[in-house]
Amino acid sequence: MQYRSLGQTGLEISALSFGASSLGAEFRKIDIPEALRTVRVALDCGMNFIDTSPYYGRGLSESLLGQLLGDIPRESFYLGTKLGRYAPAHFDFSARRVVESVDVSLQRMKVDYLDVMLCHDVEFVELDQILEETLPALEKIRAQGKVRFIGVSGYPMKMFRYFLEHADLDVILSYNHYTLQNTMLMDLLPDCERQGVGVMNAAPFS
């Protein structure tokens, strides 16, 4: 397995990581014991980053991860989740929900801290709210030790440029902009590198 530095976070992330949207049955029905085994197999194969969200299965993905992560040494993996999107049309990026969402994710997954916390699919809300309310709330939570690094996720490339210009982020997560058919994410890398922002790309398989 190859590992790469994630911006200036100090995290050495496996080039191929485990996307836990499938644990939320986002693509098809799942066999729960089999699904849990896939996480252990992924870690055994050298994948050291797990990406999930309360949106995946409306909490199911995080809850299933909580059934096994407590038995795995915390220092052996990095864990990232998201906040702000909780159902297809349910978004809440308020400061109050930020606090609640972090705590709920920690409880579901039975961990004491999250390595990466992303604002999920922010293109569906006013970006000013993310800048003025959501990210400052996350900074307070980071100071409490519950979250190590923060960032945003979404699809439109222009959205990332907006945040690079106006926010101090650790990480961005793009969706399907680095594939065999689409390499638009490469255009953003120089700006991210100059600002020390780590870049991840989600390309789900169904």
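The legends below describe close-up views of a predicted model.

**View 1. Strand β9 and its surroundings in the predicted model.** Strand β9 covers residues 147-154, and seven of its eight residues are buried, so the strand is largely enclosed by the rest of the structure. On one pairing, β9 is joined by five bridges to strand β8 (residues 114-119), and these two strands run parallel. Within this pairing, V116 has F149 of β9 as its bridge partner. The chain passes from β8 to β9 by way of helix α4 (residues 127-143), and the resulting β-α-β crossover is right-handed.

**View 2. The pairing of β9 with β10.** Strand β9 also pairs with strand β10 (residues 171-175), again in the parallel sense, and four bridges connect the two. A residue pair to look for here is G151, which stands opposite V171 in β10. Together with helix α5 (residues 157-166), β9 and β10 make up a β-α-β unit that is right-handed.

**View 3. A salt bridge between D51 and K82.** The side chains of D51 and K82 meet in a salt bridge, with a distance of 2.8 Å from N to O. This pair links distant parts of the chain, since D51 belongs to strand β4 (residues 49-51) and K82 to strand β5 (residues 78-83), and the two residues are 31 residues apart. Are the two partners buried or exposed? D51 has a relative accessible area of 13% and is therefore buried, the cut-off for that class being under 20%. K82 likewise counts as buried, because its relative accessibility is 1%. As general background, side chains of opposite charge can pair when their charged atoms come close.

**View 4. R142 and its two acidic partners, E139 and D170.** R142 forms a salt bridge with E139, and the closest N and O atoms of this pair are 3.0 Å apart. Both residues lie in helix α4, and because they are three residues apart there, about one helical turn separates them. The side chain of R142 takes part in a further salt bridge with D170, in which the closest N and O atoms are 3.1 Å apart. This second pair links distant parts of the chain: D170 sits in the loop between α5 and β10, whereas R142 is in helix α4, 28 residues apart. As for accessibility, R142 is partly exposed, with a relative accessible area of 22%, and E139 counts as partly exposed at 33% relative accessibility. D170, by contrast, counts as buried at 16% relative accessibility.

**View 5. A nonpolar patch on the surface that includes M1.** The residues M1, Y3 and L16 form this nonpolar surface patch, and together they have about 300 Å² of accessible area. M1 is found in the segment that comes before strand β1, which covers residues 3-5. With a relative accessible area of 46%, M1 is partly exposed, and this value lies over the 30% that a patch residue needs.

How values were computed: Residues numbered from 1 in each chain as written. Predicted model: local features only at pLDDT ≥ 70, side-chain atom pairs only at ≥ 80, totals over all residues. Heavy atoms only, no water. Patch = residues over 30% accessible without salt bridge, like charges linked within 9 Å, V, L, I, M, F, W, Y side chains within 5 Å. Areas by Shrake-Rupley, 256 points an atom, 1.4 Å probe, with all protein chains shown as cover. Salt bridge = Lys/Arg side-chain N within 4 Å of Asp/Glu carboxyl O. Buried < 20%, exposed > 50% of the residue type's maximum accessible area, 1.4 Å probe, protein only. Pairing = 2+ DSSP bridges. Right-handed = clockwise from strand over helix to strand, strands pointing away.
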